[in-house]
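Please read the following report alongside the sequence and the coordinates. It moves from the whole chain to the sheet and then to the helices.

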Amino acid sequence: MAMEINKDWKHAETKMKNFWRPGDEIICTRIFRSSNNECYLCGHTPIEWHHVLLHSISNEIIDVEFSCVINMKKMLEEWGSDQKILFFPKYSDEANHINSEYAGTASMVEFNSNIEVIIELMSHPERLSYKQVKSILDHTTKFKEGVEVELFHEALDIYVARNYYLYDMLDECDKSGNVEQSIENYFRKEWEDAQCGEEEYQQATYRTFLSDENGDVDQYLNRNGHRCENEDAPF
Ligand SMILES: [Zn+2]
């Protein structure tokens with residue numbers, strides 16, 4: 001049994017070495033519930049808490065489950081790197097939670113939400129990175145009026161023109177006919193969900209740890225969808 005675990009760990013290490021080189025930045029671009037994709041690191045499927053991770057240089061994106069985000073951090077430590085997985089501020093609850101499970105795994109993408117700073121950034125769009133465009137969208141989507149709404153749409157134009165939605169695995173938006181509208185809806189919905197999702201995330205993640213030998217829990221997790229309206233779940 002111990003050898004089996006060792007073998008799986010070696011396999012996961014090989015996968016990690018294919019994805020990451022020392023110094024490379026890893027950004028969590030998106031977190032969502034229960035997908036049928038395979039975890040890049042361990043191959044497990046379905047994924048209960050799906051983390052989309054972007055390699056900021058190669059732009060490769062991988063699907064990783066919660067526990068394997070922590071495994072990635074353990075590998076980084078083994079290899080002498082103090083690097084952390086970067087999370088956007090809207091996922092600060094998730095980042096805090098993952099750090100409470102394994103300290104130092106996550107850190108926040110740095111972003112100054114001062115409006116003057118954002119206006120200055122937007123005046124040189126050619127210098128904007130993915131991280132900055134995404135941070136501006138995450139911040140300005142909270143506003144219903146004012147200059148922030150204009151900035152949101154300017155940033156959205158850049159986001160769409162550079163196909164950044166592919167990094168966030170929003171490629172399904174591409175097929176809907178109105179890419180901008182569906183991406184705008186996505187950012188707004190993510191923001192609304194972030195207002196009420198923390199408790200559900202922590203509870204469900206805890207249950208995922210318990211569910212290894214219990215298929216019933218998987219069924220519950222799949223049924224209890226992503227939106228916070230579904231809180232009348234039987235647990
Ligand atoms: Zn995994």
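The sections below describe a predicted model, beginning with its confidence and overall make-up.

## Confidence and overall make-up

Averaged over the chain, the pLDDT of this predicted model is 83, and 78% of the residues score at least 70. Residues 208-235 are a stretch where pLDDT stays under 50, and for this stretch the model has 25 contacts beyond four places in sequence. Where pLDDT is low, the predicted coordinates should not be read in detail.

The chain contains 9 helices and 5 strands, which follow one another along the sequence in the pattern α-β-β-β-α-β-α-β-α-α-α-α-α-α. Of its 235 residues, 31% count as buried. When contacts between residues at least 6 apart in sequence are considered, 53% of them join residues that are at least 24 apart.

## The sheet

The 5 strands form an open sheet with mixed pairing, in the order 3-2-1-4-5. Its edges are strand 3 (61-65) and strand 5 (106-108), each of which pairs on one side only, and from one strand to the next the twist averages 45 degrees. Helix 3 (residues 92-101) packs on this sheet, where it touches strand 1 (26-35), strand 4 and strand 5, and its direction makes about 150 degrees with that of strand 5.

Strands of a sheet pair through backbone hydrogen bonds, either parallel or antiparallel. Strand 1 and strand 2 are paired in the antiparallel sense over 8 bridges, and in this pairing Ser-35 stands opposite Ile-47 of strand 2. Strand 2 (residues 47-55) also runs antiparallel to strand 3, to which it is joined by 5 bridges; Leu-54 stands opposite Ile-61 in strand 3, while the bridge partner of His-51 in strand 3 is Val-64. At the other edge, strand 4 (residues 85-87) and strand 5 pair in the parallel sense over 3 bridges, with Ile-85 opposite Ala-106.

## Strand 2 and its hairpin

Why is strand 2 described as largely enclosed by the rest of the structure? The reason is that 8 of the 9 residues of strand 2 are buried. Strand 2 and strand 3 form a hairpin with 5 residues between the strands, and in this hairpin Asn-59 takes a positive phi near 65 degrees.

## Helix 5 and Lys-134

Helix 5 (residues 130-140) is mostly covered, with 8 of its 11 residues buried. The buried residues of helix 5 are Val-133, Lys-134, Ser-135, Ile-136, Leu-137, Asp-138, His-139 and Thr-140, so that, under the cut-off of 20 or more other C-beta atoms within 10 Å, the list includes Lys-134 and Asp-138 alongside residues such as Val-133 and Leu-137.

Lys-134, which lies in helix 5, counts as buried because it has 25 C-beta neighbours inside 10 Å. Apart from residues up to four places away in sequence, Lys-134 touches Phe-88 and Tyr-164. The C-alpha atoms of Lys-134 and Tyr-165 are separated by 9.6 Å, although the two residues are 31 residues apart along the chain.

## Helix 6 and its two partners

Which residues of helix 5 meet helix 6? Val-133, Ile-136, Leu-137 and Thr-140 do so, and on the side of helix 6 they meet Glu-148, Leu-151, Phe-152, Ala-155, Leu-156, Ile-158 and Tyr-159. By class, this contact of helix 5 with helix 6 has 9 nonpolar, 1 polar and 1 charged residues. The axes of helix 5 and helix 6 come within 9 Å and cross at roughly 145 degrees, in a crossing that is left-handed. An α-helix has 3.6 residues a turn, so residues three or four places apart point the same way.

Helix 6 (residues 147-161) also packs with helix 4 (residues 115-122), at an angle of about 30 degrees and with the two axes 11 Å apart; this crossing, too, is left-handed. Ile-115, Ile-118 and Met-122 in helix 4 meet Val-147, Leu-151, Glu-154 and Ala-155 in helix 6, and the residues of this contact divide into 6 nonpolar, no polar and 1 charged. Leu-151 and Ala-155 of helix 6 are thus named in the contact with helix 4 and in the contact with helix 5.

Note on methods. Residues numbered from 1 in each chain as written. Predicted model: local features only at pLDDT ≥ 70, side-chain atom pairs only at ≥ 80, totals over all residues. Buried ≥ 20, exposed ≤ 12 C-beta atoms within 10 Å, placed from the backbone. Helix = DSSP H or I, 4+ residues; strand = E, 2+ residues; numbered from the N terminus. Axes fitted to C-alpha atoms, helices over the stretch in contact; angles between N-to-C directions. Left-handed = near helix turned anticlockwise from the far one by under 90°. Contact = placed C-beta atoms within 7 Å. Nonpolar A, V, L, I, M, F, W, Y, C, P; charged D, E, K, R; others polar. pLDDT = per-residue confidence, 0-100. Pairing = 2+ DSSP bridges.
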